[in-house]
Amino acid sequence: MDYLCRQKTFQQTLGAERLNGFVVTHPANLRYLCGYTGSNGLLLFLRERRVFFTDGRYTEQARDEVGGARVVIARGPLLEAAGTLVGAVKAAIGFEGDHTTVATAADMRKLVGKKISWKPTSGLIMGQRMIKDAEEMKIIREAVSMGAAVYEHALRSIRAGVRESEVAGELEFAARRAGADGMAFDTIVAAGKRSALPHGRASSQPIPRRGFVVVDSGVVLHGYCSDMTRTVHVGRASREERRWYDAVLEAQLAGIAAVKPGTTAGAVDHAARQVLRRHKLDRFFTHSTGHGVGLEIHEPPRLGKTQEETLQPGMVITIEPGVYLPDKGGIRIEDMVLVTKTGCQVLTPVSKVLMEI
Ligand code: ZN
Ligand code: ZN
């Protein structure tokens, strides 16, 4: 990864924001900007310099991983070490307002004697992270194809009487065997009536003799998340169930068709939602249409009703409408999609034809 290049780009943002420096501590931002994957770490931007602070436990790891910045092993709190370096010259230092606790903010103010004026900021690094570079896309594509392969493996274990947790276990074991860092979130396997729970984590309940099974899963590979959902049916789907499934698929395809640069996130949500409205199912679609994915499973942009964010080439988002009919069952279909210069490209390589098992 070209961390130096990412840091230089971020320094331009700091210039535009009239900041003399910036303190980064959020793990995903640290990983993005300098490669560090440990826990206690602080990256200080100070004018043209970049210094990474950690404690003695991470000496080796920091030297191995951190790129583009000098590594300093601090004896005490990292913030104090950074404050000392900023020194007595007046400086406006930005920090991650979205990721800073009240306690840390108080510690910052306590750095008396330093002429730092702390400036809370929001989304400065995320603005850069939202647009994936070529190296990131290579890993994301690998993560997505691994996520698809482990889903297709787990599919073979779905049948009546098998516990949801067993299906999740098969999927997660396959991911580990394939070399995943771990799972992007608790695997969702929700069968029968439980499929009407949008976030039905795999339980010990056996899969009923007939009904929908929603499987929503994602792997983490080299730090990057995949995210996909498919819904299958155990036994023959009724006419009504098929109608619901077809409506969700139609909505998902309409959402994908709306993805192109310049469109707002809200317009994509609207495209999917209005299909469900036409099928009189929109009141059962109780979440937003999608979200950005990358180093974190839920990143901006959020594709909700009121989101004004404009889509740009290089964004990676999910399109995942669903309907959840209480006591009957639910359906969700989710792909990862790359926004391209001319439209979009669906990354998830798995069929969306309704499968009856
Ligand atoms: Zn998902
Ligand atoms: Zn998702």
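**Two zinc ions and their surroundings**

Aspartate 227 is buried, because its relative accessible area is 4%. Buried means under 20% relative accessible area, exposed over 50%, and partly exposed in between, with a 1.4 Å probe and protein chains only.

Some ground rules. This is a predicted model: local features need pLDDT of at least 70, side-chain atom pairs count only at pLDDT 80 or more, and totals for chains, interfaces and linings use all residues. Residues are numbered from 1 along each chain as its sequence is written, chains are lettered from A and ligands numbered from 1 in the order in which they are written, and side-chain values use heavy atoms, with hydrogens and water left out.

Back to aspartate 227. Which ions does it bridge? The zinc ion (ligand 1) and the zinc ion (ligand 2), which lie 3.1 Å apart.

Take ligand 1. Its coordinating atoms come from Asp216 (OD), Asp216 (OD), Asp227 (OD) and Glu334 (OE), at 2.0 to 2.6 Å. Donors here are N, O and S atoms within 2.8 Å of the metal (3.2 Å for Na, K and Ca); water is not among the atoms, so sites may look incomplete. Along the sequence, the donor residues of the zinc ion (ligand 1) are spaced D-x10-D-x106-E. The pair of aspartates links distant parts of the chain: aspartate 216 sits in strand β9 (residues 211–217), and aspartate 227 in the loop between β11 (224–225) and β12 (228–234), 11 residues apart. Strands are DSSP runs (E, at least two residues), helices likewise (H or I, at least four), numbered from the N terminus. Aspartate 216 has 6% relative accessibility, so it counts as buried.

Why is the ligand 1 arrangement irregular? Because the four donor atoms around the zinc ion (ligand 1) subtend angles of 54 to 150 degrees. The rule: four donors are tetrahedral if all angles lie between 85 and 135 degrees; four are square planar and six octahedral if opposite donors are over 155 degrees apart and all others between 65 and 115; anything else is irregular.

Now ligand 2. Asp227 (OD), His291 (NE2), Glu320 (OE) and Glu334 (OE) are the protein donors of the zinc ion (ligand 2), 2.1 to 2.2 Å from it. The spacing of those donors along the chain is D-x63-H-x28-E-x13-E. The site of the zinc ion (ligand 2) is irregular too, with angles of 80 to 153 degrees among its four donor atoms. Glutamate 320 lies in the loop between β15 (316–319) and β16 (322–325), and glutamate 334 in the loop between β17 (329–332) and β18 (335–339); they are 14 residues apart and link distant parts of the chain. Both glutamates, 320 and 334, are buried.

One more histidine. Histidine 298 is in the loop between β13 (290–292) and β14 (299–303). Buried or exposed? Histidine 298 is exposed, at 58% relative accessible area. Setting aside neighbours within four places in sequence, histidine 298 contacts His291 and Gly292. Contact means heavy atoms within 4.5 Å.

Last, the cysteines. How many disulfides does a search of the whole structure find? Zero. The criterion is a pair of cysteine sulfur atoms within 2.5 Å. For cysteine 34, the closest cysteine sulfur is in cysteine 5, 15 Å away, too far for a bond. For cysteine 225, the closest is in cysteine 34, at 18 Å, again too far. Cysteine 34 is buried, at 0% relative accessible area. Cysteine 225 is buried as well, at 5%.
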